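Let's take a walk through this protein together. Keep the 3D view open and follow along as we go.

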Amino acid sequence: VYKNKIMEINRNSAIEAVIVLNYPIADFVAGTIVFIDYRARYKSKELSDIQLSAVERMCFSHLALSLFKLLEFWERYHQLLPERHHADLKELNKKIRKKGVENFRNKVSGHILDKKSQEPLKPAEITNLLEGLIGEHADTFLNWINNPSANTYPNTVVSIVETIRDSIARQYVITPDEIINSE
């Protein structure tokens, strides 16, 4: 009875984990595609600098929040991951930390004041945090997250998260109905 209870708890946690991973996958795809679409509109003069700047803040904040969720996912669900995916998610989380995602989330996306100084960030500070997040070029960052023409494992965030989600679902024999109809 005890062993069955543990298996049930693990399976329920695995269903949660699959559900949790579905959201950032969709968010990564949406955040990258929306920015690419709006940047093309900007280049064709449909949008102003101010409009593109607003879309940029929205998309990159959205992507940073979604990346941060992977750090939280590791803390809560790493024991459910098939062993072969531990190193890939750990490496991805290492890159997420190196990009300063948590700092960007805390200082730019999540709050109006810097907790240390208790003042709003200056535009130059926001730009520095954004550059730390995206690196040299936005396209490199976007393609690292979601490359629609080449989302091959383990080269993009989307491919890693999809592969892990699918592996957990296979390992615990989770059906799509269990995800859609979960309470």
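## A helix with two sides

Start with helix H5, and keep in mind that this is a predicted model. With twelve residues at 1.5 Å a residue, H5 should span 16 Å, and its end C-alpha atoms are indeed 16 Å apart, so the two values agree. Which residues of H5 are buried? They are Leu-129, Leu-130, Leu-133 and Ile-134. Look down the axis of H5 and you'll find these buried residues within an arc of 125 degrees, so they line one face of the helix. What do they pack against? Their partners are H2, helix H4 (101–109) and H6.

Now turn to the other side of H5, where Ala-124 and Asn-128 are exposed. Thr-127 also belongs to this helix, which covers residues 123–134. Is Thr-127 buried, exposed or partly exposed? Its relative accessible area is 39%, and because burial needs a value under 20% and exposure one over 50%, Thr-127 counts as partly exposed. Its C-alpha atom is separated by 9.8 Å from that of Val-108, a residue 19 places away along the chain. Right after H5 comes Gly-135, with a positive phi near 80 degrees.

## Rings that meet

Next, the aromatic side chains. A pair of rings can be described with two things: how far apart the centres are and the angle between the planes. The count here is four aromatic pairs. In one of them, Phe-141 and Trp-144, the ring centres are 6.0 Å apart and the planes are at 35 degrees, so this pair is tilted. To see why, recall that stacked planes are under 30 degrees apart and edge-to-face planes over 60, with the rest called tilted.

Both residues sit in helix H6 (residues 138–145), and because they are three residues apart there, about one helical turn separates Phe-141 from Trp-144. Both Phe-141 and Trp-144 are buried. Zoom out a little and you'll see a cluster, in which ring pairs link Phe-141 and Trp-144 with Phe-35 and Phe-60.

## Charges over rings

Some rings have a charged side chain over them. Lys-99 lies over the face of Trp-144, at 5.0 Å from the ring centre. Where does Arg-105 lie? Look over the face of Phe-68, where Arg-105 is 3.8 Å from the ring centre.

## Two buried partners and an arginine

Find His-85 in the loop between helix H2 (49–77) and helix H3 (86–98). Even though it belongs to a loop, His-85 is buried, with a relative accessible area of 4%. Setting aside neighbours within four places in sequence, His-85 is in contact with Tyr-153, Thr-163, Ile-164 and Ser-167.

That last residue, Ser-167, is part of helix H7. Ser-167 is buried too, at a relative accessible area of 2%. How are the side chains of Ser-167 and His-85 joined? The link is a polar contact of 2.8 Å. Not counting residues up to four places away in sequence, Ser-167 touches Pro-82 and Arg-84 as well as His-85. The C-alpha atoms of Ser-167 and Leu-80 are 87 residues apart along the chain, yet separated by 9.9 Å in space.

Arg-165 lies in H7 as well, a helix made of residues 157–171. Is Arg-165 buried or exposed? With a relative accessible area of 17%, Arg-165 is buried, because the cut-off for burial is under 20%. Leaving out residues up to four places away in sequence, Arg-165 touches Val-18, Leu-21, Asn-22 and Ile-25.

## Backbone details in the loops

Finish with a look at the backbone. The peptide bond from Tyr-153 to Pro-154 is cis, with omega near -5 degrees. Pro-154 belongs to the loop between H6 and H7.

Two other loop residues have a positive phi without being glycine: Lys-45, near 70 degrees, and Val-173, near 50 degrees. Lys-45 is in the loop between helix H1 (2–43) and H2, whereas Val-173 is in the loop between H7 and helix H8 (176–180). Lys-45 is exposed, with a relative accessible area of 73%, and Val-173 counts as exposed at 60%.

Terms used: Residues are numbered from 1 along each chain as its sequence is written. Side-chain values use heavy atoms; hydrogens and water are left out. Rings of Phe, Tyr and Trp (its six-membered ring) pair if their centres lie within 6.5 Å; planes under 30 degrees apart count as stacked, over 60 as edge-to-face and the rest as tilted. Helices (H or I, at least four residues) and strands (E, at least two) are DSSP runs, numbered from the N terminus. Buried means under 20% relative accessible area, exposed over 50%, partly exposed in between (1.4 Å probe, protein chains only). A charge sits over a ring if NZ of Lys or CZ of Arg is within 6 Å of the ring centre and within 35 degrees of the ring normal. Contact means heavy atoms within 4.5 Å. The expected span of a helix is 1.5 Å times one less than its number of residues. The arc is that of the directions from the helix axis to the C-beta atoms. A polar contact is a pair of N or O atoms within 3.5 Å; within protein, one must be able to donate a hydrogen and the other to accept it, and residues adjacent in sequence count only if both atoms are side-chain atoms.
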